[in-house]
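Subject: Structure for you to look at

Dear colleague,

I am passing on the structure we spoke about, and below it you will find my notes on the charged side chains. Please read them with the coordinates open beside you.

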Amino acid sequence: MSEAIEAEAIEEPITEPTRALAVVPAAPAYAVTPNVEAAELVQRLNVIRDAMQTAMKEGVDYGRIPGVDKPTLFKPGAEKLGVLFQP
């Protein structure tokens, strides 16, 4: 009661590998020199000074490091400025 099963050989043509090109969008062009007017620059600096005077504490957000003459921005202060500059 066993039936013989014959396997047919299926021949497929050999083809060359397919080559495709990926389309990648170009990176946005960034200006090397920002286009900021002097009045706008002064306004931005005033916002930074106001944030420093009202929201930052010396010794926490900025302060002096031994051996350095100028005050240094610490990480907590940098994080606060990062929030200020978010779009």
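**Asp61 and the salt bridges**

Asp61 sits in the loop that runs between helix H1 (38–55) and strand S1 (62–63). Please keep in mind throughout that this is a predicted model.

I began with the surroundings of this loop residue. Asp61 has a relative accessibility of 1% and, because buried means under 20% relative accessible area, Asp61 counts as buried. If one sets aside the neighbours within four places in sequence, the residues in contact with Asp61 are Ala55, Met56, Thr72, Leu73, Phe74, Pro76, Gly77 and Lys80. Two polar partners of the Asp61 side chain deserve a separate mention. A polar atom of that side chain lies 2.8 Å from the backbone nitrogen of Lys57, and a polar contact of 3.0 Å joins the side chain of Asp61 to that of Lys80.

The pairing with Lys80 also appears among the salt bridges, of which a search of the whole structure finds 3. The side chains of Lys80 and Asp61 meet in a salt bridge with an N to O distance of 3.0 Å. This pair links distant parts of the chain, with Lys80 in helix H2 (residues 75–84) and Asp61 in the loop between H1 and S1, 19 residues apart. The two ends are not equally accessible, for Lys80 is partly exposed at 37% relative accessibility, whereas Asp61 is buried at 1%.

Another salt bridge is found in helix H1, where the side chains of Glu40 and Arg44 meet at 2.7 Å, N to O. Because Glu40 and Arg44 are 4 residues apart in helix H1, about one helical turn separates them. Glu40 is partly exposed, with a relative accessible area of 32%, and Arg44 likewise counts as partly exposed, at 43% relative accessibility.

There remains the salt bridge between the side chains of Lys75 and Glu79, at 3.8 Å, N to O. Lys75 and Glu79 both belong to helix H2, in which they are 4 residues apart, or about one turn of the helix. Lys75 has a relative accessible area of 62% and is exposed, while Glu79, at 47% relative accessibility, counts as partly exposed.

If you look at one place before any other, I would suggest the side chain of Asp61, with its salt bridge to Lys80 and its polar atom 2.8 Å from the backbone nitrogen of Lys57.

With best wishes

Notes
Residues numbered from 1 in each chain as written. Predicted model: local features only at pLDDT ≥ 70, side-chain atom pairs only at ≥ 80, totals over all residues. Heavy atoms only, no water. Helix = DSSP H or I, 4+ residues; strand = E, 2+ residues; numbered from the N terminus. Buried < 20%, exposed > 50% of the residue type's maximum accessible area, 1.4 Å probe, protein only. Polar contact = N/O pair within 3.5 Å; in protein donor to acceptor, adjacent residues only side chain to side chain. Contact = heavy atoms within 4.5 Å. Salt bridge = Lys/Arg side-chain N within 4 Å of Asp/Glu carboxyl O.
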